[in-house]
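Colleague: Got a minute for this one? I'd like to go through the ligand site.
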Amino acid sequence: MSFSLEGKTCLVTGASRGIGKAIALALGAAGADVALTYARSEDAAKDVQAQLVAMGRKAMIFQADAVSGTRAEEVVNELVKAWGRLDILVNNAGITKDTLIMRMSEEQWDDVIETNLKSVFNYSKAVVRPMMKQRAGSVINIGSVVGVSGNAGQTNYSASKAGMIGFTKSLAKELATRNVRVNLVAPGYITTDMTDKLNEATLQAINSAIPMGKPGNPEDIAMAVQYLASDASAYVTGAVLHVDGGMAM
Ligand code: NAP
């Protein structure tokens with residue numbers, strides 16, 4: 001099953017790997033042209049680009065640290081100049097630097113807040129003008145279940161993801177009359193490089209906290225994004241969509 005994004009253009013941050021890559025490919029599969037950013041993984045980003053081109057889509061890649069507002073403006077300007085419009089922004093780039101607060105350095109706090117939360121401000125600000133001019137747009141932020149539930153060892157990460165929820169609702173209110181929708185997808189435990197670092201005992205503990213009893217795949221998140229990007233969700237804004245096997249209950 002697929003929602004149609006025929007003729008739309010989109011930008012996905014941090015899409016060289018994991019959930020971002022699955023989102024970029026799902027948006028392409030639905031008919032959109034896709035631009036993506038990455039921080040370090042140039043070869044992986046080129047591979048995603050090649051897969052999109054093989055589907056018959058236009059695809060651009062940008063090396064862009066999501067922390068930089070200047071770079072966000074450059075990326076969006078270049079994209080709009082090349083493709084004429086930008087319909088969908090997915091703020092996906094994110095990192096973890098987990099530790100208990102007594103051991104957390106100021107740098108670990110700042111890195112996570114800047115990469116996960118300031119980046120959302122950077123890219124959302126950069127797309128607001130073209131989307132308002134078009135009188136159409138969809139901004140989709142990738143939060144996390146821990147932004148709602150909290151998690152020991154993730155004060156920085158949980159705060160960044162909770163901040164994204166407040167940001168999403170506020171921007172949704174600012175842009176609603178312009179037909180620009182802003183929503184958040186809150187994944188639970190999804191198998192990617194980010195979660196590969198966890199040991200067997202932690203994995204078992206997580207699985208037992210998931211009502212559906214198993215982790216999700218990046219594609220589960222990508223399908224929720226495809227829906228929020230499409231006209232099928234034309235009357236949905238300011239929503240937090242949990243895709244987590246029931247974890248947030
Ligand atoms: P991942 O496999 O570690 O991939 C992270 C992606 O973000 C990579 O493409 C990486 O690019 C990019 N990135 C990291 N720092 C960046 C920066 N400063 N500027 C630009 N791009 C940057 O992570 P993931 O599991 O797919 O997570 C994606 C999103 O989902 C994150 O926001 C994460 O918080 C959220 N999430 C994940 C889970 C989960 O269980 N996996 C659960 C809830 C929420 P490079 O390859 O160049 O480093």
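Colleague: Which element gives the largest share of the shell around the ligand?

Modeller: α7, with three residues. Helices here are DSSP runs of H or I, at least four residues, numbered from the N terminus. Bear in mind that this is a predicted model: local features need pLDDT of at least 70, side-chain atom pairs pLDDT 80 or more, while totals for chains, interfaces and linings use all residues. Residues are numbered from 1 along each chain, and side-chain values use heavy atoms, without hydrogens and water.

Colleague: How many residues surround the ligand, and which are the closest?

Modeller: 31 surround the ligand (a heavy atom within 4 Å). The closest are S16, R40, S41, Y157 and T192.

Colleague: What is the mix of nonpolar, polar and charged?

Modeller: 14 nonpolar, 12 polar and five charged. Tyr counts as nonpolar and Gly as polar; Asp, Glu, Lys and Arg are the charged ones.

Colleague: Which ligand atom does the side chain of Y157 pair with?

Modeller: An oxygen, 2.5 Å from a side-chain N or O atom of Y157. T192 also has a side-chain N or O atom 2.5 Å from a ligand oxygen. D65 puts a polar side-chain atom 3.0 Å from a ligand nitrogen. The polar contact cut-off is N or O pairs within 3.5 Å.

Colleague: How much of the ligand does the protein cover?

Modeller: 96% of the 900 Å² accessible on its own, by Shrake-Rupley with a 1.4 Å probe.

Colleague: New topic. How do α1 and α2 pack?

Modeller: At about 15°, axes 10 Å apart. The axes are lines fitted to C-alpha atoms over the stretch in contact, with angles from 0 to 180 degrees between N-to-C directions. So α1 and α2 are roughly parallel (under 35 degrees).

Key:
A polar contact is a pair of N or O atoms within 3.5 Å; within protein, one must be able to donate a hydrogen and the other to accept it, and residues adjacent in sequence count only if both atoms are side-chain atoms. Helices (H or I, at least four residues) and strands (E, at least two) are DSSP runs, numbered from the N terminus. Angles under 35 degrees count as roughly parallel, over 145 as roughly antiparallel, 65 to 115 as roughly perpendicular and the rest as oblique.
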